[in-house]
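Reader: I'd like to go through this one with you, a few questions at a time. Can we start with how far to trust it?

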Amino acid sequence: MEEVVIIPTGDEIRQGLVLDTNSPQIMELVLGFWPACRIVRTVPPPDRKAEIQKEVRGWGQGRGIIFLTGGSGGGKMCNSGLAVDCTHEAVLEIVQGCEAVELIGSNGHLLAKIVVGRFENKLVVTLPGPTVEAVSGAKAVLGNTVEDVDVKTLALQVAQAIFAQYPVKIQLDARKTFPPALNKEPAGK
């Protein structure tokens, strides 16, 4: 592995209101797998799709992984005081052939869209902001052979690893939404 780039997102991280605990823990995981790997933690981009896309585009060269942490959940949809979470939307617009899996829960944190795909020579993965979720998702990615992994399989493995952190266990739904009972689509679709 040549390089792993960690892009923490969220104006609350950028402004220093919330401490980025994800990046150091993901760095530690990466070094456990690839001790000689170059690891870059970027300055958090502003919470706007164009800014997030610019950051991803700037790191596409060289083999490796781009992890984006935070900005994958409900944001303003869940709390009017929060910013709109747009990381997953930003990545979906620029990463070709990506897969997205939604996680929906009632615990206040488990609401996220995980996106996995390739941008130029890098695997791109969005992870939720809560540290337990970001770290478990990163472990699922690092446990695979990154160069030839199927993005659909990896997206599901990341979602399952995150969901496994919570006490309620369910099986994967064909619509790729966890848990199926909370999916807003009509039954039979």
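Reader: Over which residues does pLDDT stay under 50?

Author: Keep in mind that this is a predicted model. The chain has a mean pLDDT of 81, and 76% of its residues reach 70 or more. One stretch does stay under 50, and the model has 35 contacts beyond four places in sequence for it. That stretch is residues 170–189.

Reader: On to the charged pairs. How many salt bridges does the structure hold?

Author: Among them are the pairs R38 with E3, D20 with R41 and E102 with K113. The count for the structure is seven.

Reader: Take R38 and E3: how many residues apart in sequence are the parts that this pair ties together?

Author: The closest N and O atoms of R38 and E3 are 2.2 Å apart. R38 sits in strand β2 (residues 38–41) and E3 in strand β1 (residues 3–8), so the bridge ties together parts of the chain whose separation in sequence is 35 residues.

Reader: And is E3 buried or exposed?

Author: Its partner R38 has 46% relative accessibility and counts as partly exposed. For E3 the relative accessible area is 9%, and the cut-off for buried is under 20%. So E3 is buried.

Reader: What about D20 and R41, where does D20 lie?

Author: The side chains of D20 and R41 meet in a salt bridge at 3.0 Å, N to O. R41 belongs to strand β2, and the two partners are 21 residues apart in sequence, so parts of the chain get tied together here too. D20 counts as buried at 12% relative accessibility, while R41, at 34%, counts as partly exposed. As for its place, D20 lies in the loop between α1 (11–14) and α2 (22–33).

Reader: Which strands does the E102 and K113 pair link?

Author: Here the closest N and O atoms are 3.8 Å apart. Both residues are partly exposed, E102 at 34% relative accessibility and K113 at 21%. The pair links parts of the chain eleven residues apart: strand β4 (residues 96–104) and strand β5 (residues 111–119).

Reader: Which residues are joined into one network by salt bridges that share partners?

Author: We already met the bridge between R38 and E3. Shared partners bring K122 in as well, and the network is E3, R38 and K122.

Reader: K122 makes me look at G60. How far apart in space are G60 and K122, C-alpha to C-alpha?

Author: G60 lies in the loop between α3 (49–57) and β3 (64–69), and G60 is buried, with a relative accessible area of 0%. Leaving aside neighbours within four places in sequence, G60 is in contact with F119, E120, N121 and K122. In sequence, G60 and K122 are 62 residues apart, but in space the C-alpha separation is 5.7 Å.

Reader: Now the helices: at roughly what angle do the axes of α5 and α6 cross?

Author: Two packed helices are described by the angle between their axes and the distance between the axes. For helix α5 (residues 131–142) and helix α6 (residues 151–163), the axes come within 8 Å. The crossing is right-handed. The angle is roughly 140°.

Reader: How do the residues of the contact of α5 with α6 divide?

Author: On the α5 side the contact is made by E133, S136, G137, A140 and V141, and on the α6 side by L154, Q157, V158, A161 and I162. They divide into six nonpolar, three polar and one charged.

Methods: Residues numbered from 1 in each chain as written. Predicted model: local features only at pLDDT ≥ 70, side-chain atom pairs only at ≥ 80, totals over all residues. Heavy atoms only, no water. Salt bridge = Lys/Arg side-chain N within 4 Å of Asp/Glu carboxyl O. Helix = DSSP H or I, 4+ residues; strand = E, 2+ residues; numbered from the N terminus. Buried < 20%, exposed > 50% of the residue type's maximum accessible area, 1.4 Å probe, protein only. Axes fitted to C-alpha atoms, helices over the stretch in contact; angles between N-to-C directions. Left-handed = near helix turned anticlockwise from the far one by under 90°. Contact = heavy atoms within 4.5 Å. Nonpolar A, V, L, I, M, F, W, Y, C, P; charged D, E, K, R; others polar. pLDDT = per-residue confidence, 0-100.
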